[in-house]
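Work through the exercises below with the sequence and the 3D structure in view. Try each task before reading its solution.

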Amino acid sequence: MSRFNYTWKFALSPQDVVDILRNKDAEEDDRGLAVSFSKLKLNSQNAYDIAEALKDNENCKALDFCINTIGPDGAKAFAEAALYCRVYTMCLHSNGIGDEGMIAFADALKSENCYLRELYLASNDIGKDGALALAEALKVNTRLVAIYFTRNNVGEEAGKAFVDALQYNKTLITFKLNHDNGIKPGTIARINDLVEKNAERQLKLFTETRATDEKFPWHQAKLMVIGQGQVGKTSTVRSLTGMPFDPEKVKSTIGVQTTPVKLLRNLDNQYNHTWSAEDEKYRGAVGGYLNSLSLQIVASKVSSKDESLLPKASEKLNTNAETFKPLPEPGIHNREEVVRKMTTMLAGAMDNNGISIDIWDYGGQDVFHTLHHLLLTRHGLYLLCFASDDLVKDEAEALRYLTFWLNSAKIHAPEAPVIIVGTKAELLKEDELKNINEVVSKLASRYPQVVMRTTESITSFYPISNVEGTGVDDLRDIINAVTVEQKYVNRPLSLLWMKCLDTLIDLSERESRDWLSLTEVTKLANETGIRSKSEVLEMLKLFHELGKLFHFDATDNLSSIIIMKPQWLVDRVAEVIRDKDMHQYDELQQQRIKDNGLYEDYKRLYEEGITTRELLEDLWGHVQVDFLLDLMRETLLLSDYTFGRHKKGDADLYLVPSLLTTSKNLINDDDFECYCIYDFSKVCLPQGVFDRIVCVLIAYSGRFEDSQKPVLSQGKAMLWLGKGSVICLEEGSQKIHLSINKSDNASSSMRVITHTLKKVNQDVMNSKLVWDLYLSTNDENTILYEKAMKKKLKPWFVTGQQKADSAVIQRADLNVFMDFLS
């Protein structure tokens with residue numbers, strides 16, 4: 001019965017209604033729950049029980065309880081419940097609520113805590129007193145947009161009171177009355193005229209406001225759930241969003257999965273324990289700058305000849321599951337082309353009632369770490385999960401993972417808060433949790449970002465049990481408290497930016513496009529009122545940080561593409577970069593790969609890290625293959641592999657270093673005359689850095705005709721760099737070891753590796769990597785680079801050595817960069 005895309009539940013008994021509202025049998029993907037319980041002969045006691053359950057349900061948005069006998073007392077119960085919940089639509093047709101019940105609803109409509117948008121009150125024995133109370137409420141209410149009030153004999157005095165109320169009320173745009181209300185035709189015509197003017201005024205205000213550069217708080221945030229694989233991250237997300245623990249529905253995350261939720265304020269202006277799931281359909285357009293994405297309302301102006309566009313009363317009140325017809329979806333439905341998707345904020349009553357959060361659940365397996373460096377952003381809150389029992393079983397290994405993730409957050413988001421969560425707390429005793437606290441406290445003390453607990457015996461982490469549900473409310477409360485304090489959440493944001501995001505999302509959805517070009521975005525931004533290209537890039541950077549879109553600006557080539565559906569990109573990359581043992585392709589995919597003659601290519605990808613274009617095309621469904629290849633090249637997830645191609649027409653090959661697994665002993669010390677060590681122990685060497693260096697070097701090595709096929713394995717690479725130069729790279733504990741076959745090649749080889757590392761640092765690691773470089777000496781010792789440079793130590797420093805042009809390194813695409821290396 002409402003414009004929202006609700007999930008409707010049809011109750012068969014009063015207890016059904018209570019159970020649905022308490023989520024005892026609700027499906028986990030319910031977004032915008034609507035409950036219909038008409039014709040159940042509900043009495044006032046039933047209404048009271050249902051209203052009590054409604055008070056604790058933040059997800060229910062619509063109620064249809066027409067044709068019952070709840071009476072005045074039942075109406076009072078629902079009117080009170082409307083002050084505690086976020087129901088936007090109530091249908092009370094034919095319930096005998098009378099004047100007493102109408103007065104109760106009128107009192108509720110005067111409150112700022114009432115969010116009702118639509119009220120269906122036909123055939124309720126409402127008389128003059130109830131109507132006069134409604135008229136007084138309309139003078140102060142700024143949220144109600146539609147009232148259906150036919151078949152209540154309220155009289156001419158009430159009609160005149162409605163006319164008077166509409167001198168004050170500028171948001172009501174549908175008020176259904178007719179001759180059986182006992183109101184004179186002229187008065188009804190006057191009411192209709194005032195309501196129509198409201199609609200015209202709303203449209204004008206809507207249009208004008210969208211053309212201004214007024215600023216409003218952004219009220220959106222990003223929660224990133226990180227940690228080792230299979231420690232309960234996905235179960236924690238389910239617990240936070242009110243879903244029960246179900247091991248059958250929790251699968252190891254492939255890449256990243258996103259979940260939108262909303263923090264809602266309660267009557268005391270505090271944020272509630274519960275989070276309300278949001279409907280993706282309404283998450284971007286217009287609502288982005290309304291601070292209340294799910295509060296968009298019906299706002300249509302319908303002339304007498306356009307009434308066929310609305311359902312008839314009989315259609316709205318028919319609760320048969322097979323024939324029930326909701327109102328039309330929002331859009332332009334009449335000759336005046338009035339936009340139905342208006343909001344109360346634009347009419348002067350902004351619903352500043354909550355903050356929208358996108359939860360990003362990151363796969364924790366090692367193979368995904370390379371991917372995560374593209375997705376960890378500085379605007380957000382990090383939830384670092386570990387399994388409490390793992391720290392008891394293998395303290396060193398658990399601490400290694402915690403340290404890895406804390407370092408990753410420190411590099412990519414040095415000012416973002418980190419909340420540490422210990423899952424599976426039900427498996428441990430209290431004294432064991434306290435022992436874990438001591439261990440984690442020592443680690444957390446090195447990271448100012450970690451949010452510590454000041455009032456509990458467990459100070460360094462939040463122990464929770466997803467199985468039993470314990471600790472979840474405390475965790476949700478601290479997330480709420482930390483989120484609302486973040487500066488970017490409350491940052492005033494230009495309405496023009498939000499309008500532009502609205503336009504981009506609308507275009508992406510309308511044309512089913514996953515990405516747009518920067519040229520297109522700039523043109524649309526200009527049409528919106530954003531004239532400067534620098535402002536366009538600043539806007540895209542913020543929306544990227546907040547996970548609304550992807551815009552990678554490491555190179556000019558990447559900057560030319562804006563990805564409108566982040567989950568689409570993550571899913572495509574994760575089709576290639578995945579843990580082959582844990583995340584195998586399903587049977588249909590495997591059979592298709594075999595049927596297409598690509599099974600050997602598939603085996604080679606996960607055994608050698610080398611694949612063909614044909615396999616990638618198959619995995620990506622032949623959609624945007626060139627774009628995805630370019631993206632993975634430029635982000636150094638993949639490199640062209642030209643070795644083994646002997647003639648024109650041979651298949652294109654690519655190397656994905658993060659999928660290298662086989663360990664090979666590459667180094668014979670007698671084959672190498674000198675070496676140097678890149679030492680990252682002052683901070684850390686994040687996983688993925690070595691793989692990206694290999695990506696660059698594979699492409700660079702392929703430029704030389706005399707280069708031999710590289711020898712590669714996980715953490716090791718032997719490559720030829722032309723003119724007889726052979727290097728061996730090996731990743732160790734916080735170090736990268738470079739061995740060089742001939743002293744004559746020492747200076748040039750060190751230069752190539754150093755500049756490659758600088759490019760990776762600048763383009764991918766936010767310039768947060770810190771390292772010391774040690775060079776080997778003739779007496780088999782090492783010396784710090786800076787000291788060796790002062791001494792002009794040979795063979796590392798030679799006359800005429802070129803200096804790096806950092807600007808070229810930072811902004812160049814791979815081809816320009818490799819020209820620079822040459």
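**Exercise 1.** What does the accessible surface of the chain come to, and what percentage of it belongs to carbon and sulfur atoms?

*Solution.* This is a predicted model, in which local features need pLDDT of at least 70, side-chain atom pairs count only at pLDDT 80 or more, and totals for chains, interfaces and linings use all residues. Residues are numbered from 1 along each chain as its sequence is written, and side-chain values use heavy atoms, with hydrogens and water left out. The accessible surface (Shrake-Rupley method, 1.4 Å probe) comes to about 34,200 Å². Carbon and sulfur atoms account for 47% of that surface.

**Exercise 2.** Find the cover and the partners of strand β14 (residues 418-423).

*Solution.* Step 1: strands are DSSP runs of E, at least two residues, numbered from the N terminus. Step 2: 6 of the 6 residues of β14 are buried (under 20% relative accessible area, 1.4 Å probe, protein chains only). Step 3: in a regular strand, side chains alternate between the two faces of the sheet. One side of β14 holds Val418, Ile420 and Gly422, the other Ile419, Val421 and Thr423, and all are buried. Step 4: two strands pair if DSSP finds at least two bridges between them. Strand β13 (residues 381-387) runs parallel to β14, joined by 6 bridges, and Leu383 has Ile419 as its bridge partner. Strand β15 (residues 462-463) is also parallel to β14, with 2 bridges; here Gly422 stands opposite Pro463.

**Exercise 3.** Which strands stand at the edges of the open sheet of 7 strands?

*Solution.* Step 1: write the order, β23-β24-β25-β26-β22-β27-β28, with antiparallel pairing. Step 2: β23 (711-713) and β28 (782-784) have a single partner strand each, so one side of each lacks a neighbour in the sheet.

Methods
Helices (H or I, at least four residues) and strands (E, at least two) are DSSP runs, numbered from the N terminus. Buried means under 20% relative accessible area, exposed over 50%, partly exposed in between (1.4 Å probe, protein chains only).
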